[in-house]
Amino acid sequence: MELLHAGRDDHALRTAALLRRSHPADKELQLAGLLQDIGRMLRPGDGARHAVLAAEAVRPLLGERVARLVRLQAPAPAAGGADRPGEDAEAEAEAEAVATLRQAREAAGASGPDAGVLEDWRPLLELVAAGSCRAGNAIGPLGSPRGPITDVR
């Protein structure tokens, strides 16, 4: 939350708000919209890698799907193909989510309805982080094991 407060990005807030309205059940997609540009805050001036940096930063706390969506929302084309049975459906669903994220990002560029305040997103960040931890993502951002989440800062 401190990093998000420091960067105060109304565009990201509008993107997340649009995704909340259009895809209310997809909490991870909403967070990907909110966190899309934190790579720029982590390493200013490294624009070519900002999506990768952001994905690496959110993966330990929010899980693999949020990290993938944050990484893939950048204009660079995604690489790879289906290797396992059922992966085609997963890849198609992910491609649809990335397209939705990009559309919301573009739509958020125009002035729109009030996106609320950043603090409104804290409960969702905590919910997804707790789910990620329960799903076996028990390594903290610095590579050390972590216990239950009590504060998302």
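Is A110 buried, exposed or partly exposed? That residue is taken up in point 7, after the overall fold, the confidence of the model and the helix packing.

1. The model is a predicted one, and its confidence should be read before its contacts. The mean pLDDT of the chain is 78, with 74% of the residues reaching 70 or more. Among the elements, helix α3, which covers residues 27–35, has the highest mean pLDDT, at 94, whereas helix α1, covering residues 2–7, has the lowest, at 73.

2. Two stretches call for caution. Over residues 77–85 the pLDDT stays under 50, and the model has 5 contacts beyond four places in sequence for this stretch. Over residues 138–153 the pLDDT likewise stays under 50, although here the model has 28 contacts beyond four places in sequence. Contacts drawn in either stretch therefore rest on residues in which the predictor's confidence, on its scale from 0 to 100, is under 50.

3. As to overall architecture, the secondary structure comes to 8 helices and 0 strands, so that, in the order of the chain from the N terminus, the elements read α-α-α-α-α-α-α-α. Of the 153 residues in the chain, 38% are buried. Among the contacts with a separation of 6 or more, 66% are between residues 24 or more positions apart.

4. The largest nonpolar core has 32 residues, and the members that touch the most others are L4, L31, L34, L35, V58 and L62. At least two residues of this core come from each of α2 (10–22), α3, α5, α6 (64–72), α7 (87–108) and α8 (122–134). L4, one of the core residues with the most such partners, is in contact with L34, L35, I38, L118 and L125 once its neighbours within four places in sequence are left aside.

5. The packing of α2 against α3 can be described in some detail. Their axes come within 7 Å and cross at roughly 165°; because an angle over 145 degrees counts as roughly antiparallel, the two helices are classed as roughly antiparallel to each other. The crossing of α2 and α3 is right-handed, and the contact is made by A12, L13, T15, A16, L19 and R20 on the α2 side and by L29, Q30, G33 and L34 on the α3 side. T15, whose place is in helix α2, counts as buried because its relative accessibility is 0%. Beyond four places in sequence, T15 is in contact with G33, Q36, L101, A104, R105 and A108.

6. Helix α3 also packs against α8, with a different geometry class: the axes come within 10 Å and cross at roughly 120°, and the two helices are therefore oblique to each other. The crossing of α3 and α8 is left-handed. On the α3 side K27, E28, Q30, L31 and L35 take part, meeting L124, L125 and V128 of α8. Q30 is worth following on its own, since this α3 residue appears in the contact with α2 as well as in the contact with α8. With a relative accessibility of 1%, Q30 counts as buried, and, not counting residues up to four places away in sequence, Q30 touches A16, L19, R20, H23, P24, A25, W121 and L124.

7. Two loop residues may be set beside these helix positions. A110, the residue of the opening question, lies in the loop between α7 and α8; A110 is partly exposed, because its relative accessible area of 45% falls between the 20% and 50% cut-offs. The C-alpha atoms of A110 and R14 are separated by 9.4 Å, although the two residues are 96 residues apart along the chain.

8. R43 lies in the loop between α4 (38–42) and α5 (50–62), and, with a relative accessible area of 43%, R43 is partly exposed. Not counting residues up to four places away in sequence, R43 touches R49 and L53. For the second of these partners, L53, the C-alpha atom is separated from that of R43 by 7.9 Å, at a distance of 10 residues along the chain.

Methods: Residues are numbered from 1 along each chain as its sequence is written. This is a predicted model: local features need pLDDT of at least 70, side-chain atom pairs count only at pLDDT 80 or more; totals for chains, interfaces and linings use all residues. Side-chain values use heavy atoms; hydrogens and water are left out. Helices (H or I, at least four residues) and strands (E, at least two) are DSSP runs, numbered from the N terminus. Contact means heavy atoms within 4.5 Å. Buried means under 20% relative accessible area, exposed over 50%, partly exposed in between (1.4 Å probe, protein chains only). A nonpolar core is a set of buried Ala, Val, Leu, Ile, Met, Phe, Trp, Tyr and Cys residues joined through side-chain atoms within 4.5 Å. Axes are lines fitted to C-alpha atoms, for helices over the stretch in contact, and angles run from 0 to 180 degrees between N-to-C directions. Angles under 35 degrees count as roughly parallel, over 145 as roughly antiparallel, 65 to 115 as roughly perpendicular and the rest as oblique. A crossing is left-handed if the near helix is turned anticlockwise from the far one by less than a right angle, and right-handed if clockwise.
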